[in-house]
Structures are given as C-alpha cells and as structure tokens.
Amino acid sequence: MRFALETSRVDPSLCRPMNLLPGFRDFYPEDCARRNYILSRWREVARRYGCVEYDGPVLEPIDLYKKKSGGELLGQLFDFVDKGERHVAMRPEMTPTLARMVAARERDFKKPLKWFCVPQFFRYEKQQRGRLREFYQLNCDIIGEPSPAADAELIAIVIDTLRAFGLTKEDFVIRVSDRTAWTQFAMARGVGEEQVPDFLNVIDKLERTPREEISKRLAPFSIPIESVDAFLSNPAAEAAGLKTLTEDLAARGLDGFVELDLTIVRGLAYYTGFVFEVFDRRKKERALAGGGRYDKLLSLMSDNKVDLPALGFGMGDVVLANLIQDTPAAKAQMDAWMARNRAVDLYAIIAKEEQRPAALFYIQQLREIGYRVDYPLAPVKIGKQFQTAEQLGASLAIVFGDEWPQVKVKDLAKREEQLVPATELLALLERILPRA
Ligand code: HAM
C-alpha cells in the first residue's frame with residue numbers, strides 16, 4: 001500500500017523502465033544496417049576527397065558550448081554535474097571540439113587540414129520528423145585555407161556525398177549565403193557589433209516565423225521588416241560573390257546544385273562569412289546539412305595564439321534516411337547494399353550427422369580465408385537447411401553427405417551443382433566465388 005501511494009506521485013513515464021526515452025532509437029539489425037549504410041558511404045566519399053578521420057570525447061565541459069556554439073543549441077544541451085563537481089554536457093556538435101583539438105596541436109599538422117568524423121550527438125530538441133534527441137552526423141572541415149577554392153571543395157564534398165546515395169539535383173539543393181552581408185546590413189543601420197548575433201538569430205528564423213512576430217523581434221534593433229524584404233529581393237552583390245563558387249563547381253561538372261538564398265544565416269554563433277544549408281527539393285524535410293566558414297573560432301579557442309581560417313559542414317543521418325526512403329532510386333540502392341551486406345557467402349548443409357566434424361573443419365578453413373559461412377547448429381532436415389541457406393542470401397550451398405569425401409557445391413541462384421573432392425573445395429571456391 002505504501003509503495004502504491006509513493007509511485008502514484010511519480011511521473012508515469014518513469015515507472016515504465018522498458019520504454020525508450022523520447023527521441024532515442026533502438027537499432028535492430030535492419031536499422032543498424034541502414035545506419036551502417038549511411039556511415040560507410042559517408043566515410044567512403046570523405047576519403048575520396050583526401051579527408052582523414054578523427055574523433056573526440058562524447059562528454060565535454062559545458063563551457064565549451066556556452067562560449068563557442070551559442071544560439072539555440074545552448075537550450076538543447078544534455079548537461080549534468082559529474083561526481084567530480086564538473087558541469088559537463090554530452091556533445092551536441094563537433095565544431096568546438098575540433099577547434100580545440102586543432103588549436104592545441106596546430107604545429108603538428110600540415111595545412112590545409114581536411115578532417116572528417118561520423119560521431120553521435122545529443123540535443124534535447126522537440127522530437128519531430130527529421131529531428132531526434134540522438135543522431136549521427138558527418139562532419140567535414142577544412143582548416144587553414146582562406147580562399148574560395150576551399151568553399152567550393154567543401155560544397156563538392158556535400159554534393160558527392162548525397163550523390164553517393166543515388167540522390168540527384170532533382171532531389172536536393174544547396175542554398176548558400178553570406179553572413180557578412182547581413183552583418184554589414186545591420187551595422188549600417190546602427191546595430192552594435194555585440195547585438196549582431198541576436199539580429200542574425202532573428203534572420204535565421206525568417207522562414208519559419210509569422211511576419212508579425214518577425215516585425216516584433218526586429219523592433220529592438222529599430223529595423224523595419226520592409227528593409228529586410230528589400231535587402232532579400234536585391235541580392236546582386238552577393239550573387240557576384242557566388243560566381244567563383246559556381247565556376248569552380250561547373251569545372252567539375254557539378255553545376256545546378258547551388259542557389260543563392262540570403263535567408264540562410266545559420267543558428268550557431270561562430271560562423272563568420274560564407275554559410276549554407278542543404279534542403280530536399282520537395283520541401284518535405286528539415287535541413288539535411290548545414291555549414292560554413294568560422295574563421296575566428298580557432299583564435300578564440302587559443303587566446304589568439306593560433307589564427308587559422310576554417311570551414312566545414314555537418315550532415316545528419318535522420319533527414320538523409322527519410323529522403324532515401326522517399327526516393328525510389330536511392331531506396332533501391334540502399335536495399336541492394338543491405339541485402340549484399342547481410343548475406344552469407346556460403347551455407348554448409350550437413351546432410352549426414354557423421355560428416356559434422358568434416359564440415360566443421362572446412363567451415364573453419366573457409367572462414368579463415370574470409371568467406372562468410374553459416375551452418376545448422378543442431379540436426380535439421382535437409383530441405384529446411386536449403387531454405388535457411390536461401391533466407392540467409394547464400395550464393396552457394398556446400399553439402400556434406402553421402403558423397404563424402406566428395407562434397408556437392410550447389411549454386412542457389414542458377415540451381416546448378418557440381419561434385420568435387422573436399423580437398424579441392426577451397427581452390428574451386430577461390431575460382432568461382434569472389435570474397436566480399
Ligand atoms: P547544424 O546545422 O546544427 O550544424 O547541424 C547539421 C545537421 O545535423 C542538420 O542539418 C541536421 O541534418 C542534423 N541535425 C541537427 N540537429 C538534429 C537533430 N536534433 N536530430 C537529427 N538531426 C539533426 C552543426 O552541427 C555544425 N557544427 C556543422 C559544422 C561543421 N559547421 C562547421 N563544421
């Protein structure tokens with residue numbers, strides 16, 4: 001009775017320890033395969049561009065984000081005080097960690113650095129389509145190169161990453177902008193330098209906020225919404241800045257992916273100039289990726305000891321997975337990868353229990369040279385074993401039975417079989433079945 005009284009005052013969701021926390025995911029094998037598909041393609045493309053992989057800690061001092069990320073991210077931290085009385089936060093993004101790491105050992109690395117990582121992040125956001133409280137993100141960053149050639153190289157990585165999933169310029173668009181244009185706009189209208197980040201936060205919400213609300217938020221800066229409208233409808237000067245980028249991309253045959261859109265300013269405080277976000281063309285999803293230049297962050301991080309220009313982007317797995325799911329060509333490509341990846345190469349059919357030790361000997365040999373092999377752990381009817389072989393996607397079944405010391409090698413797709421001495425099995429497989 002006492003127990004019942006006590007629990008009745010507790011939040012009911014806390015009494016159901018079997019439930020998932022909102023915004024977190026279980027990764028059953030199918031989900032894990034989908035996640036691995038995304039992560040492996042991300043790694044593949046980043047390496048094609050000469051990027052090298054790094055990682056950092058999952059937990060950081062909260063000050064790292066308080067001082068460096070800024071914006072709405074601060075309200076979304078998973079933070080707590082640890083047993084050593086340190087106020088810490090689970091990482092919500094990588095950029096401050098990266099800046100700290102590079103600033104600490106800057107002399108050890110040849111510039112420009114091209115680094116990537118595929119970490120898991122945590123943000124206490126409202127769970128909705130495309131936004132969870134835990135997600136993976138590809139981060140690619142170029143550090144130590146101020147020229148627009150680096151901007152173009154970064155955008156090319158974004159484009160090729162999405163193309164690697166079978167997505168085309170009909171499926172996504174990169175909307176580029178320049179924060180300096182807005183900074184100059186605000187300062188020319190009397191906004192003080194320290195107020196500029198707050199002003200940029202209002203511009204960042206332009207598309208998702210009703211006009212009256214925007215007008216209200218602009219009031220403290222004494223900027224009427226009409227002058228923002230006028231600035232947005234006359235982006236000629238910015239379009240000129242975009243020319244180098246589009247020419248560089250066109251030389252690679254990557255034109256048609258980028259558009260100018262000054263409503264993009266990014267919600268993080270450290271961006272300094274060129275910024276961009278990637279959206280699906282059908283406008284069904286939240287942003288797929290976002291990034292830009294943060295030329296001052298390294299010097300802020302190192303008390304001006306290290307001053308390196310930098311730029312990068314983050315691409316999340318959640319929106320990307322939604323887009324792949326809704327784009328038939330991309331989905332077919334993912335399904336084929338998953339089927340290939342899940343399948344075993346060979347299934348050993350143990351047709352006679354006396355042959356189990358011989359089968360185990362060859363199964364071990366085959367696994368040692370890199371084939372994926374499975375077999376029944378307990379005696380099972382032969383028909384059922386063939387069924388399992390097919391379900392597991394095996395290319396070949398090897399039958400250990402009456403024919404011993406010969407084995408039957410059956411091609412499960414072509415339904416053809418051949419008999420070979422067991423001693424020649426490995427040599428035969430090397431010829432007919434390439435390893436994954
Ligand atoms: P961000 O715009 O905060 O940038 O995040 C980049 C991408 O991560 C988003 O476009 C989205 O795909 C994904 N993402 C963000 N929050 C969530 C969420 N709650 N659930 C699922 N996906 C999410 C940054 O994080 C910058 N640090 C990127 C960067 C790297 N800039 C320079 N280098």
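Student: Ala, Val, Leu, Ile, Met, Phe, Trp, Tyr, Cys and Pro count as nonpolar, Asp, Glu, Lys and Arg as charged, and the others, Gly among them, as polar. How do the residues of the shell around the ligand divide?

Tutor: Into 11 nonpolar, 9 polar and 6 charged. This is a predicted model, where local features need pLDDT of at least 70, side-chain atom pairs need 80 or more, and totals for chains, interfaces and linings use all residues. Numbering runs from 1 along each chain as its sequence is written, and side-chain values use heavy atoms, without hydrogens or water.

Student: Ok, which residues come nearest to the ligand?

Tutor: Glu 93, Thr 95, Glu 125, Leu 132 and Tyr 271, out of 26 around the ligand (a heavy atom within 4 Å).

Student: What does the side chain of Tyr 271 do there?

Tutor: An N or O atom in that Tyr 271 side chain is 2.6 Å from a ligand nitrogen, inside the polar contact limit (N or O atoms within 3.5 Å). Backbone polar atoms also meet ligand oxygens, with Ala 287 at 3.1 Å and Ala 289 at 3.3 Å.

Student: How much of the ligand's accessible area does the protein cover?

Tutor: 96% of the 660 Å² that the ligand has on its own (Shrake-Rupley, 1.4 Å probe).

Student: And which strands supply the shell?

Tutor: β7 (134-143), β11 (289-293) and β12 (310-316) each give at least two residues (strands are DSSP E runs of at least two, helices H or I runs of at least four).

Student: Switching topic, how many disulfides are there?

Tutor: The whole structure has 0 (cysteine sulfurs within 2.5 Å would count). For Cys 32, the nearest cysteine sulfur belongs to Cys 117, 19 Å away.

Student: Why is Cys 140 not bonded to Cys 51?

Tutor: Because their sulfurs are 4.6 Å apart, too far for a bond. Cys 51 has the closest cysteine sulfur to that of Cys 140.

Student: Which peptide bond involving Pro 112 is cis?

Tutor: The one from Lys 111 to Pro 112, with omega about -10 degrees. Pro 112 sits in the loop between α4 (95-104) and β5 (113-117). Trp 404 to Pro 405 is cis too, omega near 10 degrees, and Pro 405 lies in the loop between β15 (396-400) and β16 (406-411).

Student: What about the phi of Glu 85?

Tutor: Positive, about 65 degrees, although Glu 85 is not a glycine. Glu 85 is in the loop between β3 (79-81) and β4 (87-90).

Key. Polar contact = N/O pair within 3.5 Å; in protein donor to acceptor, adjacent residues only side chain to side chain.
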